[in-house]
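Hello,

Thank you for offering to look at this one with me. The structure is just below, and after it I have written up what I found.

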Amino acid sequence: MTPFALVRSLKRQHASQAAGLAAVTIAAAVFIGWWSGLPRLSSWGAGFATVKPVTALCLTVLGLALVHPGKNSRFSLAVGLAVPAIAMFDLFGVDFGINRWLVPRAEVPGPGASSFEMINGMPLAIALAGGSLALSRFEGHHLTATVLAGLAGGMAVFALLTYLTGIHALYSSATPPALPTAIALLCIAGAIVLRVGTMPALLKARPLWQLQVLLGCAIIAPLLLFGVYTGARIAVAQLRLVQTDLMSEARILSAGVDRVIIGEIERLQALAASPSLRQGDLAEFQRQAEASLALQQIGNIVLFDRNMQQLVNTFVPFGKPLPKTVVWKPIERTFATGRPQMTGLFMAPVVNQFMFGITVPVEIDGESRYVLGRSQGQHALARLVAAIELPPGWLAVVADAEHRIIARSEREDAFIGKELPPTQWHRAGPAGVFEFVDSPAQPSLQAYARSELTGWETAVWAPKALLEAPARALWWTIALTALLAFLLVVALASWLGRLIASSVSHAARVAIASGESGSLLPHGTPIVEVNTLMAELRERTDSLRESEATFRAMFDFSSVAKVESEYETGRFLRANAAMCKFVGYSEAELLARTAFDITHPDERERDRALLRRMVAGQLAVFDMEKRYIRKDGRVVWARTTANIIRDRSGRPLRYTVVIQDINARKHTEQDLLASKDRLQLAFNVAQLGSYQYDPHRRVFSGDTRSQEIFDFPKDEAGIEEIMKLVHPDDVEMVQANLEAALDPVDPRRSATEFRLLRRNGEVRWVETLGLAYFEGAGDERRAVSFVGTLQDITERKECEEKEHLLMREINHRAKNMLSVVDAIAHQTATKNPEDFVERFSERIQALSANQDLLVRNEWNGVEIEDLVCAQLALFADLIGSRIAVHGPKLRLKAASAQAIGLALHELATNAGKYGALSMDMGRVGVRWGTDGDTFTMSWTESNGPPVSAPKRRGFGTIVMQAMTERSVDGAVDLDYAPSGVSWRLTCPAANALEPGERESNLSERGKSN
């Protein structure tokens, strides 16, 4: 796989994972909607279908399988097999309780809920997607997997079209696929297609007729999609027209009933105004009522008093006893409201048939004294219903407020007085359209209108199969048209495929003949392009033969070595004479060997690795300088350039190699490199850098060491930039020396020492030696180059400066030492001339011990503990037992170390002769320390012989007191107590200790505080 193909594959994988993650997110939102009681998360809209838990589960595992990296994983195979099984069980309504297990029981709809209906076909689409995922694991079934994923995606797109066209809103019983399910399934189908990658399957060689069929389908598919969309829109419009017609018929029937009732109310109101009622002549009133019924001859008129007693009934002769009314509620409402009222359907006891009535109040003297009622027979509205011309198969009904049927368009006698089925009861609102299942268990669509006057309901309905017949016919027409178009495409593709195939076969035979160096067939074909191709093939064949002859001449007679070798083994296939001469083998001997047999052993693995990279497309050409082993065993160098020859599919066939003899050049390069290495080694040993200055370009360039010394990272720099690095005090000298060295008349060899200012502020000393090269003569003589060496001499300069300083310091310290020796000599000789030599020698030795410590520490001070141990060297075995040494680690200055060392020597000498160390029980304590800015040191003797002060002040006392006080500008307390001598020095710490010791001591005190 090439790098570009690898990048495209990674992009497809990431896009597939993103689509799978989108499906998982949608399914997770569905579960959250179920669990948290938020139905919008499970349906995405009011009135939309809700995603089932088992569907969400299938979408989740499919999405997770797609998010999982690697398209050959076993997890994908397991999911691809399990999901179709679950989906097919779900298709037939078998969920094994998965829905109620996934979702809390209180949130799961019952088995009849529309959310759980299987008519939307999504389980089949999910099963197709699962099968596609399982097949995508197998390389040979990628095309099948792509087709299945495309079918699942097509079903998802069709489901989306139901929402775009509004079909989902027409019927409530036929629930379309849930919108989240359709979108999630579309994501999964797209992810599978991206994961598989359709291009390899489409680029596979196929018969021409299959390609023709694919081309025809590609042309028909958009037209078919447009036809489906148009048919869907037409079906939607037709179904909405049916709804409108149903609603119109229901309203017309309701308005007709209202007109009849209003007419009856008006006649009753006119009759209620009769003077006979006000005169109390009920017999006359009955004759008037019977006269008003003479034209209609249906129903009767009844007069009621407030006791619900019938006073007049046109069904019964006047004067005959009448019972009380059986429908007393409407009469009570009429008395109470003074307004006309309607009764529902009731059984009249007098005539023993179903009737409905209208009541109006009879007002006499400002009060409702009577109620006048008009009863209509059970067939009163039959003519009105029959007058409505309904389409075949449509039914109409009029029902009272109690849902009892008053009139029906068909089989009226069988239904009057019966209750309207609950599925046909009107919904909320005065009018509307809804679906229901009628008594023959047929899905039907009903429009209803409820009268505000009577409270009755009129309904018109028809079976859905009858209403959808035109739409179904339209879909059949589209399906048959698509099938015929497909068959026509297949037939035309087959015919054209055979025609093209025969022409191509002829062209192939021509090509085979040309490849076998045969004569080209002159026969033509029915396809102009193929004839043109054959003509071009003839021209190209002639050109190819000519090129082949030229290539053979160039290969065989070239002075440059050339070979061809096998791709897999590297065995030589051809070798020209130059190659045989270069390696010393004959052509037959070479053809029996591989390229690796004559390659130097140290380079064989490298060559194999580079050739593998070239085969993989990671390396365009093999171009290396390498070594070969000749037949006589000599190693020869050559520049080898190899190219790989591939077939049309990109499969490697062989290598073509050009080998140039560079043996002489390599030996020259090796000699030159050895010379350069020796020169560089000399430069490294001498720590020199080399540089070159171009006077014409005014550019300075140098090697790595020169760049390090000058502290600039570039290979080249202008002379102005270099001069900016020179110390300002040395710029004039450097420029003058450079100009003198470049003087064509009297050039001087440049040897200059100057200072450089580095970028970090450091000053370095540099020494340069240079020589100019000139061209031309006389006035035309010019410097063309200036080369030289460069050396950092900072350390040398510092050593020279230290030597000068050391000489002055030695001179100063020698004078000081001689002064101390002179003072010791005079004081020792003055005290007791007889033992001068012994005492003088001891004091000189004490001074020598101090000097040794100072020299060992390079005159940087002396540790107090080392100084004490040096002066008590004669009593070294008593230190730690009888001699206690206590104090922190402190370093004395050189001057204070000399004075304190001499004082310790005098104290130790006196203790050994006269004090605590002269007896076995005697003890000495030496202590030192600091208290703030004050340094203290003490010598204390105990358990020794009794001590008394000396009668005269000798040199030892001067050393212990005056000399020590003067050296540190402090105070010495010397006490000759009977219990033992005590000596205590107190002085400023700055006078006795090194600066670093004082700072560290202060910081330690700060930490302890």
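**The five-stranded sheet**

A good place to start in this predicted model is an open sheet of five strands, ordered E24-E26-E27-E29-E28 and with mixed pairing. Its edges are strand E24 (883–886) and strand E28 (971–977); each has a single partner strand, so one side of each has no neighbour in the sheet. From one strand to the next, the twist averages 10 degrees.

**Pairing inside the sheet**

If you follow the order from the E24 edge, you come to the pairing of E24 with E26, which is parallel and runs over four bridges. Here histidine 886 stands opposite arginine 927 in E26.

Strand E26 (residues 923–931) then pairs with strand E27 (residues 934–942), this time in the antiparallel sense, over nine bridges. Two of the bridge partners are easy to look up: arginine 923 is matched with serine 942 in E27, and threonine 930 has phenylalanine 935 in E27 as its partner. E26 and E27 make a hairpin with two residues between them. In the turn you will find glycine 932, which has a positive phi of about 70 degrees.

**Helices on the sheet**

Helix H28 (residues 864–871) packs on the sheet and touches E24, E26 and E27. The direction of H28 makes about 160 degrees with that of E26. Helix H29 (residues 894–913) lies across E27 and strand E29 (980–988), and H29 runs at about 10 degrees to E27.

**Two other places to visit**

Once you have seen the sheet, please turn to helix H17 (residues 469–515), which contains phenylalanine 486. Is phenylalanine 486 buried or exposed? With a relative accessible area of 35%, phenylalanine 486 is in between, because partly exposed covers values that are neither under 20% nor over 50%. Phe486 also belongs to a nonpolar surface patch of about 630 Å², made together with Trp476, Leu480, Leu483, Leu484 and Leu487.

The other place is serine 375, in strand E6 (residues 367–377). Its relative accessibility is 11%, so serine 375 counts as buried, the cut-off being under 20%. Which residues does serine 375 touch, not counting those up to four places away in sequence? The contacts of serine 375 are Gly299, Asn300, Phe346, Met355, Phe356 and Gly357.

I hope this helps you find your way around.

Best wishes

Notes: Residues numbered from 1 in each chain as written. Predicted model: local features only at pLDDT ≥ 70, side-chain atom pairs only at ≥ 80, totals over all residues. Heavy atoms only, no water. Patch = residues over 30% accessible without salt bridge, like charges linked within 9 Å, V, L, I, M, F, W, Y side chains within 5 Å. Areas by Shrake-Rupley, 256 points an atom, 1.4 Å probe, with all protein chains shown as cover. Salt bridge = Lys/Arg side-chain N within 4 Å of Asp/Glu carboxyl O. Buried < 20%, exposed > 50% of the residue type's maximum accessible area, 1.4 Å probe, protein only. Pairing = 2+ DSSP bridges. Axes fitted to C-alpha atoms, helices over the stretch in contact; angles between N-to-C directions. Contact = heavy atoms within 4.5 Å.
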